[in-house]
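Q: I am new to this structure and would like a close look at one part of it. Could you walk me through it?

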Amino acid sequence: MRACVVGAGPGGIVTAKVLLENGFDVTVFDKYRQVGGIWSSEGCYDGLANQSALRIFEFADLPNRLHFACAVDTQRYLEEYAETFGVLDRVRPGTEVVSLRPVEGPGRVGAAGWSVGSRPTGDEAADVRRETFDYVVVASGAHHHAQLPELSGRELFRGTVLHSNEVRAGTFTGRRVVVVGGGKSALDLITRAAREAASATLVQRKVNWMIPERLPLGLVGYKWILFTRPGEALLPRYHDPACVRPIDRVDERVKRALWWLITRDMPLSSGLYRLPRQLRPAHPLPFHLAHAGVMPRGYVRAVRHGLVAAKVSAVEAYTDNGLRLTTGEEVAADVVVFATGHRRVFPFLDPSVRVHGDDGRLRLYRGIVPPGADRLAFVGLRQVFNNIMGVELTAHWLTGHFRATPRTTPGERGMREAIDARLAWQERVLPGSGGYDFGSYDIHCADELLHDMGLPSRRAGNPLAEYLLPGGVAHRYAGLTRSRSAK
């Protein structure tokens, strides 16, 4: 069984590892020279920092001591994992996939396999090498195709315009920097600009929630609250009834009261209460928690000390000297960085294979497989807070799917109906998620995949550990290959 994995980021290498354990002959294509995806030196903005506390950013079979680690240390761990489990020898670095189409044959799309076209990265004149694989997993990541706003007046501005992905060492030094965006990467970059640039201005349409490293009142690490079953029980009820436990049926009045307290603690624990009111989130939790990241160290201090000028406004147009905001204010800039997210697109995928709906939202069963296409799966599009755990569980599920072992996988019609129901739920409780972001439902997402595989979702030795210790962590799911084989 020949399997191709597109991408050697966290999702790609763990998928390759699980497929190898299950007897697949695996080839991994990656456009970068290093494994790691966005954590490789070519894949991330200079200075990217990991927002994971201890025992969060790790796979089940290789513990580490990473704690809010830098990109270099994070990439080093991923490379060690790939080498330890024989994945590194299967990677073709510096090779980009330019086409992926189903092999023509009787039956459903992809039933006869997939044709993969590849060539050296960036060499458009090179011959395309075409190979046929029985199975294909697309793990090309969700943070590579830049999303830039279309603004008038670009020809007037003589400075540098970048997406956050393109920021490298020295980009900000001694220059007037404007960062547009309100997410984790925007705050990362503006905090760095505060140290290096001549001036640093942050422009954001709205202020997002940022999770402090420790809460409540800065006393307890966030994983001991957000990554536990009681923590997830405060969220709106999960869409899959098979994953709803008695603890998830907390009275709505109790939930509202507790969220009222959390909403007031977050600014205290993160330091946002020290900033002007317009620089604090205006929307209540938990509905906007899906768009949150962990608060970068130094951001609040930089704003308070006047090293960052933060403005809440949309951008209207370029000017010859920078940007004009919808408020009418003009902001001078030598460098404009748009930290405005990414498009979840797959330009190499044959148009006959549809993974988006007419509304642009991803339509994948369980966020993994497209209805109507055999032997094709996607990893990394079932986004949760601890996505490294999420992609590992996805790898186990899709391996079982390829071997036709999940006990509850419906037919094509059932998949489409399940997708419709899940998207309706996501739009209600996670507005703007695009069918991709499952927010902080780490444990519920894990329970769902384990239920499909016929494996127990209770992963601790006793009820106290099951409910009070962090459950959204990968080491709780060690040994799944053995468990699936025994099942």
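Which residues form a nonpolar patch on the surface, and how much accessible area do they have together?

A: Happy to help! This is a predicted model, where local features need pLDDT of at least 70, side-chain atom pairs count only at pLDDT 80 or more, and totals for chains, interfaces and linings use all residues. Residues are numbered from 1 along each chain as its sequence is written, and side-chain values use heavy atoms, leaving out hydrogens and water.

The patch consists of Leu217, Leu219, Val220, Trp224, Leu268, Tyr273 and Leu469, which together have about 670 Å² of accessible area (Shrake-Rupley method, 1.4 Å probe, only the protein chains shown counting as cover). Its members each have over 30% relative accessible area and no salt bridge (a Lys or Arg side-chain nitrogen within 4 Å of an Asp or Glu carboxyl oxygen), and nonpolar side chains are joined within 5 Å.

Take Leu469 as one of them. Leu469 lies in the loop between helix H11 (463-468) and helix H12 (480-486) (helices are DSSP runs of H or I, at least four residues, numbered from the N terminus). Its relative accessibility is 39%, so Leu469 counts as partly exposed (buried is under 20%, exposed over 50%, partly exposed in between).

For contrast, look at Lys184 in helix H3 (residues 184-196). Lys184 has a relative accessible area of 16%, so this residue is buried. Beyond its neighbours within four places in sequence, Lys184 is in contact with Ala49, Gln51, Met210, Gly293, Val294 and Pro296 (heavy atoms within 4.5 Å). Pro246 sits 62 residues from Lys184 along the chain, and their C-alpha atoms are separated by 34 Å.

Key. Patch = residues over 30% accessible without salt bridge, like charges linked within 9 Å, V, L, I, M, F, W, Y side chains within 5 Å. Helix = DSSP H or I, 4+ residues; strand = E, 2+ residues; numbered from the N terminus. Buried < 20%, exposed > 50% of the residue type's maximum accessible area, 1.4 Å probe, protein only.
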